[in-house]
Amino acid sequence: MDEVIQVTQWLSSITPRKKAKLFFFTTHADAPSPMVGSNDVDTHEETQLPLATTVALHNFKNIDEFLKKKVNTFSCYNVIENEITKTDYEYLRFYSACKYLDVVPPFLDLEKISAIQNKFEMTDEERDYRLLLDSADLVLEKVCDSLKPAGVSQMWTALRKDRNLIRGVKTIDIIGFFVDPNPTGIKECLFFFIVRILQKADKINRVNTNRLERLIAQCDESSSCEEGKTIDFIIDSLRFYPTELYPFGSCLIMCVIEGRDGAMQEIEKTMEISRHLGMITHTEKNPTKETIELVKKELMKPKYQFYSSFTCWFMSHGDSNSMVLADGETIEREWFLTSFPDISTFQLKPKVFFMVSCRGANKFSLKGDEFEGQSATCDYYDIGSALIRNRMLDITDSVRDISYVQPMMDTLVAYSTILDHLSGRANTHGSIYVDRACVLMSENISRGRSLTEILEHLSQDLHEILQETMDEDRIVYKQACHYDSFFRKTLKLPYTRHPKEDVHSAPQ
């Protein structure tokens, strides 16, 4: 069959709503790092114009033409072996979006996709199409699905009234001040157009969504929300780190085995819980400085920008400032923690570090015969929020910026013990902290718990356990863990993921 006819038939089989979503996912706003600063046409204008004309004219002609052009480009594309190109990214995004929406063209060359994945050095686990979808885009899709056409129309009216937001947007006048978003697919096009305007103006990104939340907050709840949804529910969905589909993220397990009883048990437990959470896991036994440098170099590869989060378990002996490596050398704990968050592939994504080692020799010892032999190894004032807000600074958009980010932002560091204190281990099972952390994370999957909630529960649980030193003094003591957080959103644990099983049901 002629390719032009095939493309036409394929487009005619896609609903307007799915066309809008396919366009949005395919024109992903966050360009890959190597492509930033290229001499291409203004990508934002290119991605805004078809949305604007579709809303204004109530037909999908321009989006159809865009999708046809993409298909033709991919059809003629020859995969270059030695270089990752912009088209490689676009091809993978297009394929994953089609797969997600259940509209994969029957004529799409899957061998080219495999060849591109080879260039990215993707493993079998990483070839799951869900890895290639951007979780932030999926969150925005859900927000759109939760709003009625009237709600998106109200957002549009509020946006048009804000001259600072629309200044310099050439496509804004294509759509009138008042629009009819009720025809099928038009609501989606208008919502995605609003999102693209805010992204172009550097007002929102995958972490900073306050400006979008404020537009939604101006909507009338009775007319703007789909059944069962509220304004608060929709806004709350934007306050979590986007980790929507498998994999939940990349997990690195580094464990010094030499001289640490139960270390293999630690590796088994952390591997089991990371896979249960739906992470793609890499393990390094007996790491050295060279190992750490090689791992950092690996994490800079382009494929890691498809991941939604990064988690690292580091288990070894240590003291107040450093950790002991397998060859007896030490590294500064602070150096380790500050070198990983600065990796560009995980910027604006949650990074979690579990640091499992002693940080000194002090113990919170328990005195008394009852502990021997016991161990496991102000006034209120009702002030209205409006009154409080009236007394606060008026922080305008002109003094806000989301372009520059401190490297440690979006990072959480969980310590197995407090400064200058021991971190206990059982002879056969390894770190008690690791054991309890894995148990609590496993128990709380599918319960909607956030990571920080679980760490607070872990702090309570661990501090109840009586431990005993392994020397001749046999001192009974308690261990206290804690965490330092630079998170800007909440990180929820995912539902159980099964990498080999397609849990996807196509959106409408």
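Which residue of β3 is the bridge partner of Met 254? Select Met 254 and look across to β3: the partner there is Phe 314. Keep that pair on screen while we set the ground rules.

What you have open is a predicted model, where local features need pLDDT of at least 70, side-chain atom pairs count only at pLDDT 80 or more, and totals for chains, interfaces and linings use all residues. Residues are numbered from 1 along each chain as its sequence is written, and side-chain values use heavy atoms, with hydrogens and water left out.

**Stop 1: the sheet**

Helix and strand names here follow DSSP runs, numbered from the N terminus: helices are H or I with at least four residues, strands are E with at least two. Two strands pair if DSSP finds at least two bridges between them.

Now select the six strands of the open sheet, in the order β2-β1-β3-β6-β8-β13. The pairing is mixed. At the edges sit β2 and β13 (482-485), each pairing on one side only. From one strand to the next, the twist averages 15 degrees.

Go back to β1, residues 249-255. Is this strand mostly covered or exposed? It is mostly covered, with seven of its seven residues buried. (Buried means under 20% relative accessible area, exposed over 50%, and partly exposed in between, using a 1.4 Å probe and protein chains only.)

Look at the neighbours of β1:

- β2 (residues 279-285) pairs with β1 in the parallel sense over seven bridges. Here the partner of Met 254 is Glu 284.
- β3 (residues 310-315) also pairs with β1 in the parallel sense, over six bridges.

Add helix α15 (residues 263-276) to the selection: β1, α15 and β2 make a right-handed β-α-β unit. To check the hand yourself, point the strands away from you; right-handed means that the path from the first strand over the helix to the second runs clockwise.

**Stop 2: β6 and the other edge**

Slide over to β6. Why call this strand largely enclosed by the rest of the structure? Because six of the six residues of β6 are buried. Colour its two faces separately: Lys 351, Phe 353 and Met 355 are on one side, Val 352, Phe 354 and Val 356 on the other, and all are buried.

β6 runs parallel to β3, joined by six bridges; look for Thr 311 opposite Val 352. β6 also pairs with β8 in the parallel sense, over five bridges, and there Lys 351 stands opposite Thr 411.

Next comes β8 (residues 411-415), which pairs with β13 in the antiparallel sense over four bridges. Find Val 413 and you will see Asp 484 of β13 standing opposite.

Helix α16 (residues 289-299) packs on the sheet, touching β1, β2 and β3. Contact means heavy atoms within 4.5 Å. The direction of α16 makes about 175 degrees with that of β1. Angles run from 0 to 180 degrees between N-to-C directions, and axes are lines fitted to C-alpha atoms, for helices over the stretch in contact.

**Stop 3: helices around α9**

Two packed helices are described by the angle between their axes and the distance between the axes.

Select α9 (residues 149-161) and α11 (residues 186-200): they pack at an angle of about 35 degrees, with their axes 9 Å apart. Their crossing is left-handed, meaning that the near helix is turned anticlockwise from the far one by less than a right angle; clockwise would be right-handed. Residues making the contact include Trp 156 of α9 and Phe 191 of α11.

Swap α11 for α12 (residues 210-217). This helix packs on α9 at an angle of about 115 degrees, with the axes 8 Å apart, and the crossing is right-handed. Show Met 155, Ala 158 and Leu 159 of α9 with Leu 212, Leu 215 and Ile 216 of α12, which make the contact.

**Stop 4: two single residues**

Is Asp 88 buried or exposed? You will find Asp 88 in helix α5 (residues 86-101), and at 0% relative accessibility it counts as buried. Not counting residues up to four places away in sequence, Asp 88 touches Tyr 77, Glu 83, Ile 116, Lys 119 and Phe 120.

For a last click, pick Ser 344, in the loop between α17 (333-339) and β6. Ser 344 is partly exposed, with a relative accessible area of 40%. Draw a C-alpha to C-alpha distance to Pro 302: the two are 42 residues apart in sequence and 9.6 Å apart in space.
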